[in-house]
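Hi everyone, thanks for making time this morning. I'd like to walk you through one protein model, so please have a look at the screen.

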Amino acid sequence: MVSSNTAELLREEIPVKQQPLTLSADIITGLVLVDVVNGFCTVGAGNLAPKEPDERISQMVKESLRLSKAFSERKWPIFAFLDCHHPDKPEPPYPPHCIIGSGEEKLVPDLLWLENDPNATLRQKECIDGFLGSTEKDGSNVFIDWVKNNQIKQILVAGICTDICVLDFVSSVLSVRNRGFLTPLENVIVSSQACATYDLPLHVAKTNKDFVSHPQELMHHVGLYIASGRGAHIASEVLFE
C-alpha cells in the first residue's frame, strides 16, 4: 500500500487540474466507455481481473453506470469499447485476457443492457488503443464515423485503465482532433471518478520476477496528469442540467 505521504507528495509535484462539469443539451456530448468488461472489473473473472473486491474499480463501475443511464435517458450517444482477443494472438506484455467467447470480453452485468440500447454503439477491440482498434480493413474508422454522424462536439471518457487503455485512446483522439480529422469534435473530457486502474503493490510485485509494481492510486493520478498534459479536460464530477 502506498503511504499517504507519497500520494500527497505526488499530487503536490504533479498536480492535476480538475473541475466539475455540467452537461446540457446545448452541446452535443458523447459518452465513451473504455473496457468496462468482466475481464478487468469482475472479481475472479480472469488473469487481469481483480482477485478480491476493489473499491476503486467498483466506484468506477458505479459511476460509469450512472453516466450511462443519464445519457441513455436523454438519448445522447454512447460508444462502448470491449477489449477482446483471439487465443492465438497474444498481447504482450500481458497474459491472456478477455479471450473471445470466455465471457471476460462482455460488459459487466450492470451495463449489459447497453447491448440493446439504440443510442449505444459497441466496438470490440484487439488492442490497447481503442481509436486504432476502431479501424476497419477498408481504412474507415468506426469511432470517427460515430463522431461525425452524431455531430459530437465533446466526448466524456470513462473506464479502465486510467493510465493504459483510457490514456492511449485519449491521446490518439486528441492528436487526430488536432490534425482536423475529427470535426466537429472540440473537447475531450476524462471523468476522474468514472476511471480506475488496477493495483499491484510493490511487496506483491517482488514475489514474481515477471511482475512490475503498479500502485493503483498513484498510477490513476499519473494517467490523469498525462491525459491533461495531452490536452484533455479532467472532470472531478459530472452533473446534468
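Let me begin with a definition: a disulfide here is a pair of cysteine sulfur atoms within 2.5 Å. Please also keep in mind that what you see is a predicted model. By that rule, the count comes to 0 disulfides.

Why is Cys 84 not in a bond? Its closest cysteine sulfur belongs to Cys 98 and lies 8.1 Å away, which is too far for a bond. Cys 84 is buried, at 2% relative accessibility. Cys 127 tells a similar story about distance: the closest cysteine sulfur is in Cys 165, 8.4 Å off, again too far. With 23% relative accessibility, though, Cys 127 counts as partly exposed.

Now to the inside of the protein. In soluble globular proteins, nonpolar side chains tend to be buried together. In this model, the largest nonpolar core has 66 residues. Which of them touch the most other members? Those are Val 32, Phe 143, Ile 155, Val 157, Phe 169 and Val 170. Helix H6, residues 165-178, gives the most to this core, with 8 residues.

If you'd like one residue to click on, try Phe 143. Leaving out residues up to four places away in sequence, Phe 143 touches Val 32, Phe 79, Phe 131, Ser 134, Ile 155, Phe 169, Val 173 and Leu 182.

Next, please find Leu 23, in strand E1. Is Leu 23 buried or exposed? It counts as buried, because its relative accessibility is 1%. Leu 23 and Phe 240 are 217 residues apart along the chain, yet their C-alpha atoms are separated by 4.9 Å. Phe 240 is also among the residues that Leu 23 touches, together with Thr 29, Phe 71, Trp 76 and others, not counting residues up to four places away in sequence.

Strand E1 brings us to my last stop, the second largest pocket. Its volume is about 230 Å³, and 13 residues line it. Gln 19, Ile 189, His 233, Ile 234 and Ala 235 lie nearest the centre of this pocket. Three elements give two or more residues to the lining: strands E1 (18-23), E6 (187-196) and E7 (233-240). Which gives the most? That is E1, with 4 residues. As for chemistry, the lining divides into 6 nonpolar, 6 polar and 1 charged.

That's my tour, and I'm happy to go back to any part of it. Thanks for listening!

Methods
Residues numbered from 1 in each chain as written. Predicted model: local features only at pLDDT ≥ 70, side-chain atom pairs only at ≥ 80, totals over all residues. Heavy atoms only, no water. 1 Å grid on protein atoms, 1.4 Å probe; cavity = no way out; pocket = protein on both sides within 12 Å on 5 of 7 lines; lining within 4 Å. Points joined across faces, edges and corners; volume = space filled by probe spheres on them. Nonpolar A, V, L, I, M, F, W, Y, C, P; charged D, E, K, R; others polar. Core = buried A, V, L, I, M, F, W, Y, C linked by side-chain atoms within 4.5 Å. Buried < 20%, exposed > 50% of the residue type's maximum accessible area, 1.4 Å probe, protein only. Contact = heavy atoms within 4.5 Å.
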